[in-house]
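Visitor: I am new to reading protein structures, and I would like to go through one slowly with you. Could you take me from the overall picture to a few details?

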Amino acid sequence: MQPASARSVAEPWVDDPFGRAVRAGRGPLWLCRGDGSRSVLEVERWCAPAAGADHGLVSRCLGLGAPVLDLGCGPGRLVAALLAAGVPALGVDVCAASVDRTAGLGALALRRSVFDRLPAEGRWGGALLADGNLGIGGDPAALLSRTAELLAPGGLLLVETDPAEVDEVSTVRVAGPDGAGPPFRWARCGPAATARHGATAGLEPVEHWRSHGRSFLALRRS
């Protein structure tokens, strides 16, 4: 059991409204910025089966011939879709509700941060950073460097970028009708910024595509 002092510190995506929304399978839920602006978090889409642009991610994993790691897997739709397509996959997420929901789909997930020790480091054939997860930690360069460490040489990272050419870090909160979670740092990167940050991690861009209003970049570890 954690000491009371540790339990009193709420963690984003863990103790905030996100976990409650995932358990319910629906929003409304928002990512709120300090300037008063906010964007909708697509809880219903994340909790539904893979659809639309998701199929492009799955199809690009089919020829890898090695397992795929879904970083920030959320409710597990992409892990489940990969397994259904015959691709061995493992999800990783800090949110217990996400890990539980992934398990309920018959898929595998670990409750850990991408920066924690993970199985088979340096041997994954592919990795996913979808649904805005390039923002994890508020430091895209550090996140992409960590992801490169997880991939085998020649491994492929499929990352969802912001459709716009942005490169920013801000302090945000996850908010729902019943209140807001703690503040944390979050990043947004467009395709060019993602490629630039990836280059510092030894990740070479090999494809950029758009589908169903979403933007993606494939980066290969050298």
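Visitor: How many helices and how many strands does the protein chain have?

Guide: Before counting, please keep in mind that this is a predicted model. In the protein chain there are eight helices, together with 12 strands.

Visitor: What does the radius of gyration say about the protein chain?

Guide: The idea is to set the value beside the one for a compact globule, which for 222 residues would be near 17 Å; the protein chain has 16 Å, so the two agree. If you prefer to think of a box, the C-alpha atoms fill one of roughly 45 × 35 × 35 Å, taken along the principal axes.

Visitor: What share of the residues in the protein chain is buried, and what share of the contacts joins residues 24 or more positions apart?

Guide: Buried residues account for 50% of the 222 residues. Among contacts with a separation of 6 or more, 63% are between residues that lie 24 or more positions apart. As for the outside, the accessible surface comes to about 9,900 Å², and carbon and sulfur atoms contribute 55% of it.

Visitor: How far apart are the mean positions of the positive and negative charges?

Guide: The protein chain carries 23 positive and 23 negative charges, and their mean positions are 3 Å apart.

Visitor: Which residues of helix α5 are buried?

Guide: A general idea comes first: an α-helix has 3.6 residues a turn, so residues three or four places apart point the same way. In helix α5, which covers residues 77-84, the buried residues are R77, L78, V79, A81 and L82. Just after α5 comes G86, whose phi is positive, at about 90°.

Visitor: How many aromatic pairs does the structure hold, and how should I read one?

Guide: A pair of aromatic rings is described by the distance of the centres and the angle of the planes. The structure holds three such pairs. One of them joins F184 and W186, whose centres are 5.9 Å apart and whose planes stand at 85°, an edge-to-face arrangement. The rings of W209 and F216 have centres 5.2 Å apart and planes at 15°, so this pair is stacked.

Visitor: Are F184 and F216 buried or exposed?

Guide: The cut-off to remember is that a residue under 20% relative accessible area is buried. F184 has 10% relative accessibility and therefore counts as buried, while F216, with a relative accessible area of 0%, is buried as well. Their partners can be read in this way too: W186 is buried at 10%, and W209 is buried, with a relative accessible area of 10%.

Definitions and conventions
Residues are numbered from 1 along each chain as its sequence is written. This is a predicted model: local features need pLDDT of at least 70, side-chain atom pairs count only at pLDDT 80 or more; totals for chains, interfaces and linings use all residues. Side-chain values use heavy atoms; hydrogens and water are left out. Helices (H or I, at least four residues) and strands (E, at least two) are DSSP runs, numbered from the N terminus. The radius of gyration is taken over C-alpha atoms; the globule rule is 2.2 Å times the number of residues to the power 0.38. Buried means under 20% relative accessible area, exposed over 50%, partly exposed in between (1.4 Å probe, protein chains only). Contact means heavy atoms within 4.5 Å. Accessible areas come from the Shrake-Rupley method with a 1.4 Å probe; for residues, only the protein chains shown count as cover. Lys and Arg count as positive and Asp and Glu as negative; His and the chain ends are not counted. The place of a charge is taken as NZ of Lys, CZ of Arg, CG of Asp or CD of Glu. Rings of Phe, Tyr and Trp (its six-membered ring) pair if their centres lie within 6.5 Å; planes under 30 degrees apart count as stacked, over 60 as edge-to-face and the rest as tilted.
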